[in-house]
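Trainee: I have not looked at this model before. Could we go through it by question and answer?

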Amino acid sequence: WEVDCSMKVRAMWKLELLVVVVVVHGVLFGAARAQTCSCAQSPGGLSDVVEPVGVGVCVTRSVQMTGCVCDLDGPMTCDVSSGAPVYSYTDPPLCIVAGVVDVARCPDVRTLEFGPCEINASVPWSPTLKCTIDASRFPAGATVTQVDAIITQADAFSFSGTATDATDFPTWTVEYETENDILPIGTFLSWPATPKIQRSGAFADANPVLFSDGNALYSTTVAASTSGVALVNSNLASSSDTTFEFVTVPGTFAQNFNEVSFDPITSYARVILSAKYTV
């Protein structure tokens with residue numbers, strides 16, 4: 001019986017690594033255990049686990065935390081399985097069962113994608129690029145747990161400039177980036193500017209300075225903030241769509257020029273909104 005129990009315990013720990021996350025978050029349940037709990041995705045990372053390797057003998061292992069944890073403010077509802085043992089050392093490597101915890105099991109997560117939304121226009125974009133999460137595509141009772149904007153972007157500009165004083169200031173520097181943002185403010189984490197383009201040279205080689213440059217297509221993913229996810233869920237509750245606005249402004253710098261022009265500046269973007277949800 002002792003051997004079978006030990007094997008069972010080892011199997012439970014291999015299957016239920018997220019038990020430790022529950023302990024870290026202080027989610028311990030009494031004798032009357034809930035069948036479900038409000039929960040959130042585990043923050044991840046490594047955690048030290050006291051794990052049995054025999055009857056009354058344990059080792060400490062670092063394990064990757066995955067799964068879900070009970071969280072009073074969590075956006076999901078998790079089923080709860082009870083009675084997973086927690087071990088502590090008495091005199092290492094000797095150990096005992098110090099208690100039990102309930103384990104939050106992540107609900108099935110589904111994904112919907114909206115778009116693509118596209119624009120190829122002068123910077124700043126006017127009108128801006130708008131992408132909408134369509135509430136009618138979600139089943140009844142859906143709760144959104146994560147929203148991501150998957151963005152493919154490129155930009156291009158043409159520069160011209162003449163020297164302020166090529167004798168006293170013989171060299172020049174030019175920088176450009178397209179600065180990006182998503183509205184409403186605070187609904188997404190920062191959408192990075194396009195990679196900064198830096199050019200420099202000597203007026204003795206060319207005056208005026210004329211060139212074109214830009215960034216080839218590249219992709220980035222921007223996650224919605226907690227308030228952004230909450231906005232989508234609030235709108236879902238009233239069967240309302242959620243529209244996000246993608247905006248750009250030029251970020252320019254030119255040194256030692258008398259007159260400069262960055263015209264035209266254009267930026268292309270393709271956006272897909274991905275929403276993970278549970279029912």
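Trainee: What is the relative accessible area of aspartate 213?

Mentor: The model is a predicted one, in which local features need pLDDT of at least 70 and side-chain atom pairs count only at pLDDT 80 or more, while totals for chains, interfaces and linings use all residues. Residues are numbered from 1 along each chain as its sequence is written, and side-chain values use heavy atoms, with hydrogens and water left out. A residue is buried under 20% relative accessible area, exposed over 50% and partly exposed in between (1.4 Å probe, protein chains only). Aspartate 213 is partly exposed because its relative accessible area is 25%.

Trainee: With which residue does aspartate 213 meet in a salt bridge?

Mentor: A salt bridge needs a side-chain nitrogen of Lys or Arg within 4 Å of a carboxyl oxygen of Asp or Glu. Here the N to O distance is 3.0 Å, and the partner of aspartate 213 is arginine 199.

Trainee: How far apart in sequence are the parts that arginine 199 and aspartate 213 tie together?

Mentor: Helices (H or I, at least four residues) and strands (E, at least two) are DSSP runs, numbered from the N terminus. Arginine 199 belongs to strand 11 and aspartate 213 to strand 12, so the parts tied together lie apart in sequence by 14 residues.

Trainee: Which residue stands opposite aspartate 213?

Mentor: Two strands pair if DSSP finds at least two bridges between them. Strand 9 and strand 12 (residues 209-223) do so in the antiparallel sense, over 13 bridges. Opposite aspartate 213 in strand 12 stands phenylalanine 157.

Trainee: How many bridges join strand 9 to strand 15?

Mentor: Strand 9 covers residues 143-163 and strand 15 covers residues 265-278. One bridge pair there is threonine 152 with arginine 270 in strand 15. The two strands run antiparallel, and the number of bridges joining them is 14.

Trainee: Which residue stands opposite threonine 162 in strand 14?

Mentor: Strand 14 (residues 257-261) also pairs with strand 9, antiparallel and over four bridges. Within strand 14, the residue opposite threonine 162 is glutamate 259.

Trainee: What is the order of the open sheet of four strands?

Mentor: The pairing in this sheet is antiparallel and the order is 8-13-10-11. Strand 8 (129-133) and strand 11 (197-202) are the edge strands, as each pairs on one side only. To repeat the order asked for, it is 8-13-10-11.

Trainee: Which residue of strand 11 does valine 174 stand opposite?

Mentor: Strand 10 (residues 171-183) and strand 11 run antiparallel and are joined by six bridges. Valine 174 faces, in strand 11, arginine 199.

Trainee: What angle does the direction of helix 3 make with that of strand 13?

Mentor: Helix 3 (residues 226-237) packs on the sheet and touches strand 8 and strand 13 (242-255), where contact means heavy atoms within 4.5 Å. Axes are lines fitted to C-alpha atoms, for helices over the stretch in contact, and angles run from 0 to 180 degrees between N-to-C directions. The angle between helix 3 and strand 13 is about 150°.

Trainee: Which residue forms a salt bridge with glutamate 175?

Mentor: The closest N and O atoms of the pair are 3.8 Å apart, and the partner of glutamate 175 is lysine 196. Glutamate 175 lies in strand 10 and its partner in the loop between strand 10 and strand 11, so parts 21 residues apart in sequence are tied together. Glutamate 175 counts as buried because its relative accessibility is 18%. The partner has a relative accessible area of 45% and is therefore partly exposed; this is lysine 196.

Trainee: Is glutamate 51 buried or exposed?

Mentor: Glutamate 51 forms a salt bridge with arginine 61, with the closest N and O atoms 3.2 Å apart. Arginine 61 lies in strand 3 (residues 57-64) and glutamate 51 in strand 2 (residues 46-54), so the pair ties together parts ten residues apart in sequence. Arginine 61, at 38% relative accessibility, counts as partly exposed. Glutamate 51, at 9% relative accessibility, counts as buried.

Trainee: Which residue's backbone oxygen does the side chain of asparagine 180 reach?

Mentor: Asparagine 180 lies in strand 10 and counts as buried because its relative accessibility is 12%. Its side chain makes a polar contact with that of glutamine 153 at 3.1 Å; such a contact is a pair of N or O atoms within 3.5 Å, where within protein one must be able to donate a hydrogen and the other to accept it, and residues adjacent in sequence count only if both atoms are side-chain atoms. At 2.8 Å, the side chain of asparagine 180 also reaches the backbone oxygen of proline 192.
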